[in-house]
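Work through the two exercises below with the structure open. Try each task before you read its solution.

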Amino acid sequence: MIATQGLTHRYHSKKGVLSHEIVFPDLAVERGESFLLLGNSGSGKTTLLHLLGGLLRPLTGKIEIEKIDIASLSETELDRMRGRQIGFVFQRNHLISALTVKNNLLMAPFLAGEKQHEERVDLVLDELGLREKKNAMIFELSQGQAQRVAIARAIINKPSLILADEPTSALDDKNCDQVIELLNKVAMENNAALIVATHDHRLKSRLKNQIIL
Amino acid sequence: MSIQLLIWNYFKAKKLNTGLNILLLSLGIAMITLLILFNNQLEEKMTNNSKGIDLVVGAKGSPLQLILCAVFHVDFPTGNIKLREADRLAKHRLVKYAIPLALGDSYQGFRVVGTNRAYSSLYQADLASGDWWEKDLEVTLGSSVAQLTKLKVGDHFESAHGLTKDGHAHDENKYVVKGILKQSGTVVDNLILTTISSVWKEHAESSSDSTMQQLPTSPSLLVSSVEASDSIREITSLLIKYKNPIAAIQLPRFINTQTSMQAASPAFEMARLFTLLGVGADALMGFAYVLIFISGLSIFIALYSSLKERRYDMAIMRSMGASRSLLFKTIILEGSILTFVGASLGLAFGHLVLGVFVHLMEEGQKAGLTAGVFYAEEAVILVGSVVLGVFCSLLPAIQAYRVDIHKVLASN
Ligand SMILES: Nc1ncnc2c1ncn2[C@@H]1O[C@H](COP(=O)(O)OP(=O)(O)OP(=O)(O)O)[C@@H](O)[C@H]1O
Ligand SMILES: [Mg+2]
């Protein structure tokens, strides 16, 4: 589903003199597989996820999603691909606070240029135990609930790849368990590839496949 | 979900800010709208009312006062002129026609005008009911007069001296309403028309009525019930239409230098008045533009500062597949919707204020102002406001276009 080859990225420091280069190991993840991306703080986990999601262009190397080299895509094609194939989950509530839960979810098909089905929203919310929060505003949610809404939004378009960046580090143990379980479950149900970047040790036992940076 | 719904929700999330911005803009626009409505309608009225009148002749005094009094009926006469002199002028070879006016009385603030039928035809006045005035003390009412005084055909009333509602009443002679005119949108709507000799009768303290009993042997051109040789009778003014363009050069000079009368041109005096009024209007207009400028700035600041809060939202939207141009479009739309709504409200507000003014104040109704007309300038305002909105949101929109998704999302 997704495979990389000889991926590197270089950051230039503000003064432009020092530059920081990160070399990433090659990886290949298929649909229905889930991987844990481990590494110390500053090791480049976020950078790798952004490269995989086409939010950042690599210095060298190749990224193939469904056999397509994403370097060959134009900016608009990349936007489209991201909207239809990839679901992101971030560390903190990256939900749009001016919108209700329902409209936050509907943003995903809207921005990806797909049909908006309210039944799909109901289904996904049901699955994540958020049925009664459908019309709630974002500030009315707890941290754990907000993170579950973010997961719901990530999977509503039935993506083939889910990229999660520290999805549990702001959560307590109970919510942490619930979130990673749900993430894993919905990924398998939707036959999507899942990559979770984290330095959260609580997750180490939860996913067998691990990539270490 | 749609762009409109998204923008609507962002507006809702900042109700106070959005409301204030719209209010500020709509106040400025309302002010401009009011000025436009006033100016245009006043100008229309003025040209309508002075149509067919090239020159006004009256007693010496302020030319502006003469015009305001004899054409628009809002000021007091400068004095009277001898009928015999007016007659002589009416026969002048450069005069196409001359209409005499005898002023002095009013009823409930509406002026009684002694004149002949040439005056009503000048404004193409039509009868709505009853008949034209013919004999002395018969009157035909303008439509507003009938409406506001509730006088009907056949009713009697007493006029009062001057233009005020409670002047000294002439109770010796009562006028009788012979007819009522249709609305013409001109000054005639506010006038009570009668014969010249009726006005004389009301003021007949010294002059004897005896001469009026028998028909004159050689009648005056302007007032046929009077001998042409009469040296006592006076009228207030004479409205003149030139026979040819040469008259415009010769006639005023002739009257002002060779006679004891004064000639004033409505067109010239109106232009003078407008430059005087123009200063005030310009000041108000300037103030309105300052309001609009401030609201533009405020919208810009609102969009720009909300952009900071929304950088995360935008990066997230990009991660969900939104293109750069969609974000750009959203911000531009947001700004222009804001100004469009503000301008629409402002236009509506301007019309509403004028409507209320006309409804509540007799003066507004008398001046013939209406809130129900729209001018091309208003469309220009609407379009201009949208342009202002686009302009104010341009920089924020460019920022949104350029937002670096990776940096924003990684910096958490
Ligand atoms: N915009 C940037 N400019 C310069 N250096 C950067 C920039 N972003 C990240 N880096 C550097 O690149 C390295 C990798 O950063 P990255 O955010 O990918 O790490 P991470 O593994 O996600 O860390 P954490 O676990 O703390 O989130 C870090 O050393 C960081 O200092
Ligand atoms: Mg990170």
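**Exercise 1. Find where ligand 1 lies, and which residues and helices surround it.**

Step 1. Ligand 1 sits between chains A and B of this predicted model, where local features need pLDDT of at least 70, side-chain atom pairs count only at pLDDT 80 or more, and totals for chains, interfaces and linings use all residues. Residues are numbered from 1 along each chain as its sequence is written, while chains are lettered from A and ligands numbered from 1 in the order in which they are written.

Step 2. The shell holds 14 residues (C-beta atom, placed from the backbone, within 6 Å of the ligand). A:Y11, A:S41, A:K45, A:T46 and A:T47 are the closest.

Step 3. Helix α1 (45–52) of chain A and helix α13 (405–410) of chain B each give the shell at least two residues. The largest share, three residues, belongs to α1(A).

Step 4. Sort the shell by class: 10 polar, two nonpolar and two charged residues.

**Exercise 2. Describe how α2(B) packs with α12(B).**

Step 1. Locate α2 at residues 15–49 of chain B and α12 at residues 376–402 of chain B.

Step 2. Their axes are 10 Å apart, at an angle of about 160°. The two helices are therefore roughly antiparallel (angles over 145 degrees, between N-to-C directions, from 0 to 180).

Step 3. List the contact (C-beta atoms, placed from the backbone, within 7 Å). From α2(B), B:I29, B:I32, B:T33 and B:I36 meet B:E377, B:E378, B:I381 and B:S385 of α12(B). By class, that contact has four nonpolar, two polar and two charged residues.

Technical notes: Helices (H or I, at least four residues) and strands (E, at least two) are DSSP runs, numbered from the N terminus. Ala, Val, Leu, Ile, Met, Phe, Trp, Tyr, Cys and Pro count as nonpolar, Asp, Glu, Lys and Arg as charged, and the others, Gly among them, as polar. Angles under 35 degrees count as roughly parallel, over 145 as roughly antiparallel, 65 to 115 as roughly perpendicular and the rest as oblique. Two residues are in contact if their C-beta atoms, placed from the backbone, lie within 7 Å.
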